Each structure stands twice: as structure tokens, then as C-alpha cells.
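Reader: I would like to go through the labels attached to this model and hear the reasoning behind each. Please set each value against its cut-off.

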Amino acid sequence: MTGSIIFDPLAPIALLAVLAVLVGATVILALWRGLAGWWLRALGGLALLAALANPSLQNEDRAPLSDIVIAVIDESASQGLSDRPAQSAAALARIEAEVAALDNTELRVVRMGDGNGDRGSLLMTALADAMAEEPEARLAGAILVSDGRLHDIERAPDLPAPLHLLLTGREDDWDRRLAILNAPAFAILGEEVALRLRIDNQGDVPAEEEGPVEIDIAIDGGAPANFTVPVGEDLELPVTLPHGGRNVIQFSVPAAEGELTDRNNAAVVQINGVRDRLRVLLVSGEPHPGERTWRNLLKSDSSVDLVHFTILRPPEKQDGVPVDELSLIAFPTRELFLDKIDEFDLIIFDRYQRRGILPAIYLDNVRQYVVDGGAVLIAAGPDFATAASLYRSPLGEVMPGAPTSRVIEAPFLPELTELGERHPVTQGLTGGGETPEWGRWLRQIELDAVRGQVAMTGAEGGPLLILDRVGEGRVALLGSDHAWLWSRGFDGGGPQLELLRRLAHWMMKEPELDEEALDATAEGQEMTITRRTLSDEVGDLEITGPDGEVTVIPMEQVAPGRFQATYTGPEIGLYRLAEGNEETVIALGPSAPREFEQTVASGEELEPVIEAGRGGIRDIADGIPDLRVVREGRVAEGRGWLGITPRNAYLTADVTTRAILPAWAWLLIAAALTVGAWLREGRR
């Protein structure tokens with residue numbers, strides 16, 4: 001119970017001030033005139049002013065509140081190293097015992113894990129959130145149990161009480177870290193890209209570990225290459241990507257004896273390989289409506305360099321015009337088909353027939369170009385069914401279909417085969433369901449499929465599109481020159497540009513169009529694995545984690561020829577995926593986890609915040625200090641102890657107010673004093 005005097009004036013303050021001036025003037029006048037009752041006059045005036053001021057006695061019934069101490073326990077990944085979990089547990093147990101021994105004091109324990117999205121240790125955020133849940137007037141102190149490695153120091157709250165740090169770790173801790181300083185997200189195939197990395201030693205490093213170290217570099221989980229590199233220097237490593245699409249490059253250094261962890265001895269970089277320019281050679285045997293379709297498709301892609309030749313005047317044409325008067329460009333056959341053929345990614349023969357322009361040796365060179373890894377697409381017209389057909393040249397050895405010499409001049413509806421519904425080139429083409437919703441074509445060259453995969457059929461159910469792999473290269477045969485009808489909207493049109501685009505990119509070995517492939521994408525720690533296949537079923541998926549543990553999960557069919565599975569990786573790192581003969585790798589998490597950038601315990605970053613509240617930093621390995629009560633503003637740390645500041649907070653349960661004297665009593669006192677002054681001055 002506490003009491004205080006309050007005032008509730010019965011008149012305005014200005015009026016009270018005027019009356020106080022008049023009372024003071026009256027007293028001064030009485031002194032000047034030497035009146036003996038001046039002091040009685042003064043007391044009477046004060047009594048009158050007190051009556052108008054209406055003083056009251058206010059009593060509060062207060063319930064004392066306990067002080068609160070906040071303990072933030074760091075349970076991030078770096079706190080799991082060495083014996084730090086045991087140190088943290090011992091420190092928390094001691095804090096609980098010390099707080100329990102203090103009068104009127106409570107403990108709030110907050111446990112902090114890793115921040116989402118590789119944000120590191122958000123120690124100050126955890127402290128600020130804990131403070132926001134408690135009344136500031138009751139906070140007597142805060143204690144952090146951590147290795148001092150945090151990533152949100154800018155969010156340090158303004159504490160009304162001391163802040164302390166109990167530091168885990170040991171004085172002789174040391175660690176080695178491999179860091180990727182710079183790595184591009186994309187790189188051009190065939191060109192070197194520079195990666196910058198660095199290997200650093202931290203902490204109390206043994207003398208024998210100061211020299212150069214070995215580093216292993218592996219691409220897509222293959223056999224690693226080994227190099228010896230210095231420590232503490234920026235290293236620039238030139239890398240040439242082996243294939244298009246995602247390339248996973250893993251760097252690792254062996255774990256040394258005594259270092260805190262090997263989790264930061266490895267780093268993974270994912271770089272997408274892209275082609276600089278796709279060089280395409282388009283050879284048109286003669287002008288026709290579909291020629292413009294091929295040209296528009298290839299010219300619309302800014303990444304394609306197109307070399308297009310159309311044979312406008314074949315050798316057998318004799319119209320009497322002198323050659324030197326022709327404005328046509330001579331066909332540079334030797335330069336294209338002998339000297340520079342390997343520079344092209346794709347060669348397209350559009351309604352081309354043998355007319356003596358390309359000798360057999362040149363076409364045989366094209367055949368060898370395919371075997372060595374090139375790609376050839378034949379868009380066949382009526383010429384393919386004649387004696388001058390390309391099939392009857394050395395190039396015929398790599399063609400997947402043979403002409404029967406019959407040309408079907410009748411409308412037909414292109415349809416996907418069962419295999420075509422699973423093949424990435426034709427799978428999911430717009431309008432290509434069980435009953436295709438696209439337009440008809442009007443001509444087809446009858447073919448016998450001698451090898452390869454028939455993705456589309458046409459008139460009389462005969463092969464229309466045949467795809468095949470020959471040696472290291474790829475060949476496609478389209479048995480009609482009427483694909484352009486789709487782009488013109490004939491009979492409703494169809495996905496002509498999409499079909500030709502996929503066809504061209506499949507032949508140029510774009511990874512996303514491989515018919516047999518295992519691919520994976522990741523979002524956070526969850527990966528989605530997709531298996532593309534031409535088979536009706538696939539086996540179970542084997543997942544090998546960073547720790548070598550193998551997990552087997554089934555894959556479910558989500559579309560014809562497409563199976564998927566999802567898996568949440570328990571930890572960051574490189575995962576190896578395998579199904580049948582297909583393998584791939586994927587990295588979960590960042591290339592180098594932020595939590596393991598600095599692993600040796602240190603309170604240096606927290607020193608300014610702790611010193612502002614006159615708190616202290618103590619190593620748990622040197623002993624856990626006691627807790628003492630100190631007055632506000634005093635130093636809150638000393639040898640073997642840390643201090644908290646009692647706040648003496650309370651809760652007001654009840655308030656009562658009563659007047660010191662009633663108004664009539666004040667008036668009676670004022671009147672009595674006035675009469676006494678009159679009597680004192682001899683009026684009686």
C-alpha cells in the first residue's frame with residue numbers, strides 16, 4: 001500500500017495564481033506596516049488557497065511483479081559441432097538453477113534453430129521476438145548461449161537491462177573452409193569459364209596444416225581430378241562444360257585431423273551449359289511453299305545462324321543464257337560439305353534430289369558427319385521417291401526409312417503413334433489426342449521403316465516421322481512436304497512450328513528433349529525427379545545422399561513416357577539419383593551453407609551490443625558464472641559472475657482517493673486564523 005497527495009482544484013489555475021499573488025501582497029504589506037499578526041494572515045491565506053486547491057490523499061494497492069530473465073539458446077547447425085550441445089545444456093541447467101535461487105525472478109527460455117532459406121543464425125531476431133512478448137518494465141536481463149556467429153546483428157534490440165553471452169567452443173578449435181567466390185549461372189559450351197574459389201584456415205591452426213592442400217574436382221558425379229593448391233589465396237579455375245543443360249561441379253578438400261567439421265570442405269556449383277550460336281545449313285532442292293516455313297522457323301530464333309541455299313537453276317537446265325550473265329550465286333559445295341561441314345550443328349535437306357551438284361563423295365562426307373555426332377533432317381517430297389532420291393546415295397546408309405517409290409496424293413490426318421505419345425519431340429503436341437484436332441496434309445511419300453522410332457503415321461497408317469540415332473549423331477526423316485499447310489491454317493491448321501522446333505532441337509541434342517533421361521529440380525530441400533522414357537514402366541529410384549545413405553522410392557506415371565517422384569532431402573549437399581541405366585546428380589541448398597562460413601566461436605561481433613548494457617562475455621569452457629543482482633546503471637559483470645538488474649515492477653490492484661479536509665474545515669481554519677490575526681494586532 002502506497003499513498004500520495006494529489007490536487008483537484010475547485011477553481012481555474014489562473015484564478016489560484018491571482019489569489020496567491022494577492023495573499024503574498026497582503027503579507028508583504030503587513031510586514032511593511034509592522035503588524036504583529038502578519039504570520040497569522042499568511043497562514044489564513046494559505047488555508048484559503050489550500051481549500052480552493054482541494055488536496056486529496058490517494059492510496060494505491062500494489063501487487064509486486066516478478067523480474068524476467070530471457071535465455072536464448074542457439075541450436076543452429078554450427079552449434080552441433082564438437083561438444084557444443086553438451087556445453088549449451090550445462091549452461092542452461094546452471095542458468096535455470098541460478099534464476100530459481102533468486103527472489104521474485106522468472107526465466108524465459110527461447111530456442112533458436114537455423115533461419116529458413118540459408119539465412120544463417122538469426123540470434124538478434126530471436127531475442128527481439130522474445131522481448132516483444134514480455135513487458136519491458138519487467139526485463140531484468142538476457143543471456144545468450146551461442147558460439148557468437150550470427151547473421152542479423154543489425155537487428156539487435158534496445159535492451160533496458162544487461163545482455164550477456166555464454167560462449168560455446170574451445171580456445172584450440174580450428175577449421176578449414178572451401179568457398180566459391182564467383183561462379184556464373186550460365187556458360188557457353190566449348191568456351192572456358194573462370195571460377196574463383198578460396199581455401200581458408202580459421203582458428204588455432206596446427207603448424208602442420210598451414211601448407212598447400214589437395215582439392216578434388218568432379219563434374220556430374222564422375223571421377224574427380226586432383227590438384228594441389230595453396231591455402232589463403234584466391235584461386236581462378238578455368239572450366240569447360242562437357243554438355244548442355246545443368247552441369248553439377250563439386251569441389252572438395254579432404255578433412256584434416258582435428259578440424260571442427262568437414263561440412264564446409266566441399267562446395268557444389270550448378271552451371272547451365274548453353275550454345276553460343278546454333279549453326280544450321282538448309283539446302284532446298286527447289287522453291288516450294290514449305291521452303292518459307294523452314295526459313296521463318298530458323299530465322300525467328302536469335303540463337304540460330306542460318307545458311308540457306310536454294311537450287312534455282314539446276315545443271316540440266318539449258319536455256320541458252322551465258323553463265324557470266326547470270327545473277328545467281330554458285331553453290332559453294334566444297335567449302336560447305338568438305339571444309340566447314342563440322343561447323344554446323346544441323347543440316348536440313350528440304351526436297352533435295354541428286355542432280356550432280358553434290359558428288360557422292362560429298363554426301364558420303366555428310367554420312368560420316370552424322371556418325372561422328374552431327375544431325376541431318378530430311379524433309380521428303382516427291383523427289384525422295386524417284387531414282388534421284390537421296391536414299392540412293394551414300395547418305396542412305398544412315399536413313400531410318402526407305403522409299404517404296406509410291407507417292408500418295410490424298411488427304412490424310414497425321415497421328416501420333418503409341419511411341420510418339422511418349423517421345424519428347426511429339427509428346428503433348430497441341431490437338432494431338434486420341435482423335436487429333438489438327439488439319440490434314442495432302443501428300444505423303446510411302447516409306448518402309450528399316451530402323452529407328454516411328455513417332456507419327458499418316459496415310460494408310462504408314463510411317464510419317466521416323467527418328468533414329470546413328471553412331472554419335474541423329475537422323476530424322478519426315479515423309480511429307482506438306483507440313484506448311486498447318487502454318488497456313490488449312491483445315492484448321494496445327495502445331496507446325498512447335499513440331500519443327502522440337503524436331504530441330506532434338507537433333508541438336510538439347511538435353512530437355514532426350515527420350516531417355518533422368519532429370520531433377522529442387523525447391524528448398526524438396527526435389528522433384530522426372531524420368532523420361534519410351535518404355536511403359538520404370539524401376540524404383542535410388543537416391544544416394546551426401547552421407548552415402550541410399551534411399552529407394554517408387555516413381556509414378558504422370559503422363560505417357562513420363563514418371564515422377566518427390567523427395568525431401570534431410571540435409572544440404574550433393575545427391576546422386578539412379579534409375580536403371582540413367583543417372584544424374586543434384587545439389588540441395590547453397591553451394592556453401594552460410595551457417596558454416598565461420599565455425600570457430602567468437603564474441604567479437606556481439607561486443608558492442610553487450611558493452612552498451614555493461615554486460616559480459618564468458619567462455620563456458622572456463623566455467624559457468626553465477627548470477628548476481630546489481631543496481632541499475634552499475635557494471636553487470638565481474639570475476640566469476642554476471643549481473644541482472646531488478647526492475648521492481650508492480651501491478652496496481654486498487655486506487656482510493658479521499659479529501660484531506662472537507663471544504664468547510666479549510667474555510668473555518670482560514671477564518672480562525674484571520675480572526676486571530678485581528679486579535680493579535682490589538683483590535684480587542
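Author: We can start with Asp-491, which counts as partly exposed at 39% relative accessibility. The model is a predicted one.

Reader: Why is Asp-491 called partly exposed rather than buried or exposed?

Author: Buried means under 20% relative accessible area and exposed means over 50%, with partly exposed in between. The 39% of Asp-491 falls between these limits, so the residue is partly exposed. Asp-491 sits in the loop between helix 8 (484–487) and helix 9.

Reader: What makes the phi of Asp-491 worth a note?

Author: Phi of Asp-491 is near 55°, and that is a positive value in a residue other than glycine. Lys-509 is another entry of this kind, with a positive phi near 65°. Lys-509 is placed in the loop between helix 9 and strand 25 (517–523).

Reader: How do you know whether Lys-509 is buried, partly exposed or exposed?

Author: Its relative accessible area is 30%. Partly exposed lies between the 20% and 50% limits, so Lys-509 is partly exposed.

Reader: Which label does Leu-377 get, and why?

Author: Leu-377 has a relative accessible area of 0%. The cut-off for buried is under 20%, so Leu-377 is buried. Leu-377 belongs to strand 18 (residues 375–379).

Reader: What does Leu-377 touch, beyond residues up to four places away in sequence?

Author: Leu-377 touches Trp-294, Leu-346, Ile-347, Ile-348, Phe-349, Ala-476, Leu-503 and Met-507. In addition, the C-alpha atoms of Leu-377 and Val-475 are separated by 5.8 Å, with their positions 98 residues apart along the chain.

Reader: And what makes Pro-238 partly exposed?

Author: Pro-238 has 49% relative accessibility. Exposed requires over 50%, so Pro-238 counts as partly exposed. Pro-238 lies in strand 12 (residues 234–240). Outside its neighbours within four places in sequence, Pro-238 contacts Glu-192, Val-193 and Ala-194. From C-alpha to C-alpha, Pro-238 and Val-193 are 5.5 Å apart, at a sequence separation of 45 residues.

Reader: Now the helices. Why are helix 1 and helix 2 called roughly antiparallel?

Author: Helix 1 (residues 13–33) and helix 2 (residues 38–53) pack at an angle of about 175°, and their axes are 9 Å apart. Angles over 145 degrees count as roughly antiparallel, so helix 1 and helix 2 get that label.

Reader: Which residues make the contact between helix 1 and helix 2?

Author: From helix 1 come Leu-16, Leu-19, Ala-20, Val-23, Val-27, Ala-30 and Leu-31, which meet Trp-38, Arg-41, Ala-42, Gly-45, Leu-49, Leu-52 and Ala-53 of helix 2. By class they divide into 12 nonpolar, 1 polar and 1 charged.

Reader: How do you know that helix 2 and helix 11 are roughly antiparallel?

Author: The axes of helix 2 and helix 11 (residues 663–680) cross at roughly 165° and come within 8 Å. The limit is over 145 degrees, so the pair is roughly antiparallel. The crossing of helix 2 and helix 11 is left-handed. Residues in this contact include Leu-40, Ala-47 and Ala-51 of helix 2 and Trp-666, Leu-673 and Arg-680 of helix 11. The contact has 12 nonpolar, 2 polar and 2 charged residues.

Reader: What makes helix 5 roughly perpendicular to helix 9?

Author: The axes of helix 5 (residues 289–299) and helix 9 (residues 496–507) cross at roughly 65° and come within 11 Å. The range of 65 to 115 degrees counts as roughly perpendicular, so helix 5 is roughly perpendicular to helix 9. The crossing of helix 5 and helix 9 is right-handed. Thr-293, Trp-294 and Leu-297 of helix 5 meet Gln-496, Leu-497, Leu-500 and Arg-501 of helix 9. This contact has 4 nonpolar, 2 polar and 1 charged residues.

Reader: Which residues touch the most other members of the largest nonpolar core?

Author: Leu-346 and Met-456 do, in a core of 38 residues. Helix 9 gives the largest share of this core, 6 residues. A second, separate core has 32 residues, among them Val-366, Tyr-369, Ala-385 and Val-475.

Conventions
Residues numbered from 1 in each chain as written. Predicted model: local features only at pLDDT ≥ 70, side-chain atom pairs only at ≥ 80, totals over all residues. Heavy atoms only, no water. Axes fitted to C-alpha atoms, helices over the stretch in contact; angles between N-to-C directions. Helix = DSSP H or I, 4+ residues; strand = E, 2+ residues; numbered from the N terminus. Parallel < 35°, antiparallel > 145°, perpendicular 65-115°, else oblique. Left-handed = near helix turned anticlockwise from the far one by under 90°. Contact = heavy atoms within 4.5 Å. Nonpolar A, V, L, I, M, F, W, Y, C, P; charged D, E, K, R; others polar. Core = buried A, V, L, I, M, F, W, Y, C linked by side-chain atoms within 4.5 Å. Buried < 20%, exposed > 50% of the residue type's maximum accessible area, 1.4 Å probe, protein only.
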